[in-house]
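Reader: I would like to learn how to read helix packing and pockets in a model. Please take me through one case.

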Amino acid sequence: MDDQPQASRHVPIAGVIGWPIAHSRSPILHGHWLKRYGIAGHYIPVPVAPEDLAEVLRAMPRMGFVGANVTIPHKESVLALADVVTDRAALIGAANTLIFRPDGKIHADNTDGYGFIANIRQHQPDWVPDLGPAAVIGAGGAARAVVASLLESGVTELRITNRTRIRAEQIRSEFGAKVVVYDWAEAGNMLDGAMTVVNATSMGMEGKPALRIPLDALAPGTLATDLVYTPLMTPFLEEAQARGCHIVDGLGMLLHQAAPGFERWFGRRPEVDDELRRAVLA
Ligand code: NAP
């Protein structure tokens, strides 16, 4: 006798929920993998207004959805609606990946930190997290995932600065004594001796001003990475490269953070390679 739940007998559907959602590259990314591995499944953008979030989340499993990615503005609010929240999602305070389990429970995880580290390891395999302090510029949602993953990777001193200082202080109070807060006006000093430097603000994005922090203290050989990926080569990365740093752009983080969800929903660990990068950039 078939005791599979109703939804799992059908072609699995996953999607990305956000408001607005038209800009999301996730459907291209997952669509590429589904096609490439010949998997019968669908991945679709689902526009969900904030006031509809709870209702839509409860309905999705009954509609055949096996899970979803979550983007702005729902990444924080889904935590209160999930039945199971992973420790790292709770620590970061946001989820980007949901799994609708056969028992009806909604499982919420955050794979942004995993994507961040996997991207660095893919492009700079010689990177050593505890070679020297790490410096994170920004203290928004993405920065919290970066901080969590750097500390988990073994960074022993994590320096952070943010225009709105209180958000950086909040990270220090939640993530502990390895975190050292620098004032925004002294952000350039934070780079002195740092071996890993991350732009986790939205500055440098198309249509936004470039990051204005002085980068004179960046030493050759430092790993510099940006979360912004439009453009791929941000002014921060350009200057870091000119100073002899090893640079890693932000697109790979987007690609890698998607892999655990795809594996859970569609049953195959997908590859993150140049073919995928080209598909997403096109
Ligand atoms: P967020 O929560 O809105 O945080 C934005 C951050 O940027 C805050 O630290 C904010 O400082 C800072 N900021 C914005 N405008 C600024 C300005 N004019 N001057 C100084 N600081 C400014 O956004 P988020 O979700 O953390 O995302 C941050 C960036 O990462 C975005 O560009 C996003 O697209 C990118 N991202 C990339 C990936 C990826 O996979 N590559 C994943 C997630 C996010 P205040 O606190 O002072 O406002």
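Author: What follows covers a helix pair and then a pocket, both in a predicted model.

Reader: How are two packed helices described?

Author: Two numbers serve: the angle between the axes and the distance between them. Here, helix 5 (residues 112-123) and helix 6 (residues 141-153) have axes that come within 8 Å and cross at roughly 60°. Angles of 65 to 115 degrees count as roughly perpendicular, and this pair is therefore classed as oblique.

Reader: Is the crossing of helix 5 and helix 6 left-handed or right-handed?

Author: Right-handed. On the helix 5 side, the contact is made by Asp112, Gly113, Phe116, Ile117 and Arg121. Helix 6 brings Ala145, Val146, Ser149, Leu150 and Ser153. Sorted by class, the residues in this contact are five nonpolar, three polar and two charged.

Reader: Now the pocket. How is empty space found?

Author: A probe the size of a water molecule is rolled over the atoms, and this shows where space is left empty. In this model the largest pocket has a volume of about 1,600 Å³. It is lined by 45 residues, of which Ile72, Ala142, Thr201, Ser202 and Met205 are the closest to its centre.

Reader: Which helix gives the largest share of the lining of the largest pocket?

Author: Helix 6, with four residues. Strand 3 (65-70), helix 6 and helix 10 (251-266) each supply at least two residues of that lining.

Reader: What classes of residue make up the lining of the largest pocket?

Author: The lining holds 20 nonpolar, 17 polar and eight charged residues. Helix 6 thus appears in both topics: it packs against helix 5 and contributes to the pocket lining.

Conventions. Residues are numbered from 1 along each chain as its sequence is written. This is a predicted model: local features need pLDDT of at least 70, side-chain atom pairs count only at pLDDT 80 or more; totals for chains, interfaces and linings use all residues. Side-chain values use heavy atoms; hydrogens and water are left out. Axes are lines fitted to C-alpha atoms, for helices over the stretch in contact, and angles run from 0 to 180 degrees between N-to-C directions. Angles under 35 degrees count as roughly parallel, over 145 as roughly antiparallel, 65 to 115 as roughly perpendicular and the rest as oblique. A crossing is left-handed if the near helix is turned anticlockwise from the far one by less than a right angle, and right-handed if clockwise. Contact means heavy atoms within 4.5 Å. Ala, Val, Leu, Ile, Met, Phe, Trp, Tyr, Cys and Pro count as nonpolar, Asp, Glu, Lys and Arg as charged, and the others, Gly among them, as polar. On a 1 Å grid over the protein atoms alone, a cavity is a set of points where a 1.4 Å probe fits but cannot get out, and a pocket is an open set with protein on both sides within 12 Å along at least five of seven lines; lining residues have an atom within 4 Å of a point. Grid points are joined across faces, edges and corners, and a volume is the space filled by probe spheres set on the points.
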